[in-house]
Amino acid sequence: MITPPIKKKIQDVISVFETSSVKPRYDILVTLHDGPGKCLQITYGKHQTTEYGNLKALIKMYCDSYGRYASDLRSYLAYIGRPDTPLAKNESFKHLLKLAGTDYTMHEVQDKFFDQYYWDPAFKFFQQNNFSLPLSMLVIYDSYVHSGGILDFLRRRFGERTPINSGNERRWIKAYTSVRDKWLENHTNEILPPTDYRTDCLLEAIDTNNWELQHPVICKFNSFKQKDWVTIR
């Protein structure tokens with residue numbers, strides 16, 4: 001069911017959620033107080049990996065691919081993700097990341113990286129639990145990109161079983177998205193409640209029975225631009 005066009009549509013939705021653009025923004029970099037202990041950290045790339053998450057792995061892949069700015073970035077590898085050497089205020093490092101984002105090698109590396117670190121684990125969960133519908137994969141992939149995976153503590157908040165355990169796929173997806181929506185809306189970290197536009201969008205797709213993603217998906221987001229929604233057809 002997850003054909004290449006469906007995968008592209010799912011990834012386009014995530015691109016809008018993450019960067020407000022369907023077209024991948026490989027060079028986008030922001031800093032947010034969402035690191036360990038709410039410390040400031042870099043988020044970077046087309047689907048926004050983090051300084052204290054997988055940024056080091058991305059930059060190592062780029063350096064190993066001999067990108068245009070690899071030699072300059074390599075010297076920072078030992079410091080990425082270390083609380084004693086935070087890089088979110090290092091203007092030289094951030095400038096290099098922005099430059100690297102214009103390099104076609106970085107574009108290729110990010111495509112591979114986000115598949116390896118986010119899409120593939122999400123698709124593994126999708127397959128192992130006998131999910132089959134495109135909208136289910138969108139919900140699962142969004143949770144991997146934004147929340148680090150399918151969150152066990154959220155799963156314990158509802159009783160529906162996964163399809164592999166004789167549960168109903170559509171009911172499970174709706175239940176998981178609903179509890180994730182409430183969790184985001186009521187989170188004590190002030191950065192997270194505004195991101196419930198993601199779950200609002202997913203719940204709208206569920207409520208309109210867009211399970212095959214054959215209809216347009218209206219993606220709302222906290223805009224970097226004037227417009228605050230994009231329609232993915």
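Which residues is Asn168 in contact with, leaving aside its neighbours within four places in sequence? That one gets its own panel below, but let's start with the whole chain, bearing in mind that this is a predicted model.

**Figure 1. The whole chain, with nine helices and five strands.**
Reading from the N terminus, the elements go α-β-β-β-α-α-α-α-α-α-α-α-β-β. The C-alpha trace covers about 50 × 40 × 35 Å along its principal axes. How does the radius of gyration fit with a compact globule? A compact globule of 233 residues would come in near 17 Å, and the chain has 18 Å, so the two agree. Buried residues make up 51% of the 233. Take the contacts between residues at least 6 apart in sequence: 59% of them join residues at least 24 apart.

**Figure 2. The surface of the chain and its charges.**
The accessible surface adds up to about 11400 Å², and carbon and sulfur atoms account for 50% of it. On the charge side, there are 31 positive and 27 negative side chains. The centres of those two sets sit 1 Å apart.

**Figure 3. Inside the largest nonpolar core, a set of 71 residues.**
Ile59, Leu73 and Tyr141 are the core residues that touch the most other members. Helix α5 (residues 104-128) supplies the largest share of this core, with nine residues. Zoom in on Leu73 and, skipping residues up to four places away in sequence, you'll find it touching Ile59, Tyr62, Cys63, Phe93, Leu96, Leu97 and Ala100. As a bit of background, nonpolar side chains tend to be buried together in soluble globular proteins.

**Figure 4. Val16, a buried residue in helix α1.**
Helix α1 takes in residues 4-19, and Val16 is part of it. Val16 counts as buried because its relative accessibility is 0%, under the 20% cut-off. What does Val16 touch once its neighbours within four places in sequence are set aside? The contacts are Ser21, Val22, Cys219, Phe221, Val230 and Ile232. For a sense of scale, Val16 and Ile80 are 64 residues apart along the chain, and their C-alpha atoms are separated by 26 Å.

**Figure 5. Pro24, in the loop between α1 and β1.**
The strand at the end of this loop, β1, is made of residues 29-32. Pro24 has 32% relative accessibility, so it counts as partly exposed. Between the C-alpha atoms of Pro24 and Leu55 there are 17 Å, with the two residues 31 apart along the chain.

**Figure 6. Two non-glycine residues with positive phi, Asn130 and Leu213.**
Asn130 has a phi of about 65° and lies in the loop between α5 and α6 (134-147). Leu213 has a phi near 55° and is found in the loop between α9 and β4 (217-220). Are these two residues buried or exposed? Asn130 is partly exposed, with a relative accessible area of 44%, whereas Leu213 counts as buried at 3%.

**Figure 7. Gly148, exposed in the loop between α6 and α7.**
The loop leads to α7, which is residues 152-155. With 63% relative accessibility, Gly148 is over the 50% cut-off and therefore counts as exposed. Gly148 and Gly53 are 95 residues apart along the chain, while their C-alpha atoms are separated by 9.2 Å.

**Figure 8. Asn168, in the loop between α7 and α8.**
Here's the residue from the opening question: apart from neighbours within four places in sequence, Asn168 is in contact with Glu160 and Arg161. Asn168 has 28% relative accessibility, so it counts as partly exposed. The C-alpha atoms of Asn168 and Phe131 are separated by 9.4 Å, and the residues are 37 apart along the chain.

**Figure 9. Thr195, a buried residue in a loop.**
Thr195 belongs to the loop between α8 (169-185) and α9 (197-207). Its relative accessible area is 12%, which means that Thr195 is buried. Which residues does Thr195 contact, not counting neighbours within four places in sequence? Thr195 is in contact with His146 and Leu184.

Note on methods:
Residues are numbered from 1 along each chain as its sequence is written. This is a predicted model: local features need pLDDT of at least 70, side-chain atom pairs count only at pLDDT 80 or more; totals for chains, interfaces and linings use all residues. Side-chain values use heavy atoms; hydrogens and water are left out. Helices (H or I, at least four residues) and strands (E, at least two) are DSSP runs, numbered from the N terminus. The radius of gyration is taken over C-alpha atoms; the globule rule is 2.2 Å times the number of residues to the power 0.38. Buried means under 20% relative accessible area, exposed over 50%, partly exposed in between (1.4 Å probe, protein chains only). Contact means heavy atoms within 4.5 Å. Accessible areas come from the Shrake-Rupley method with a 1.4 Å probe; for residues, only the protein chains shown count as cover. Lys and Arg count as positive and Asp and Glu as negative; His and the chain ends are not counted. The place of a charge is taken as NZ of Lys, CZ of Arg, CG of Asp or CD of Glu. A nonpolar core is a set of buried Ala, Val, Leu, Ile, Met, Phe, Trp, Tyr and Cys residues joined through side-chain atoms within 4.5 Å.
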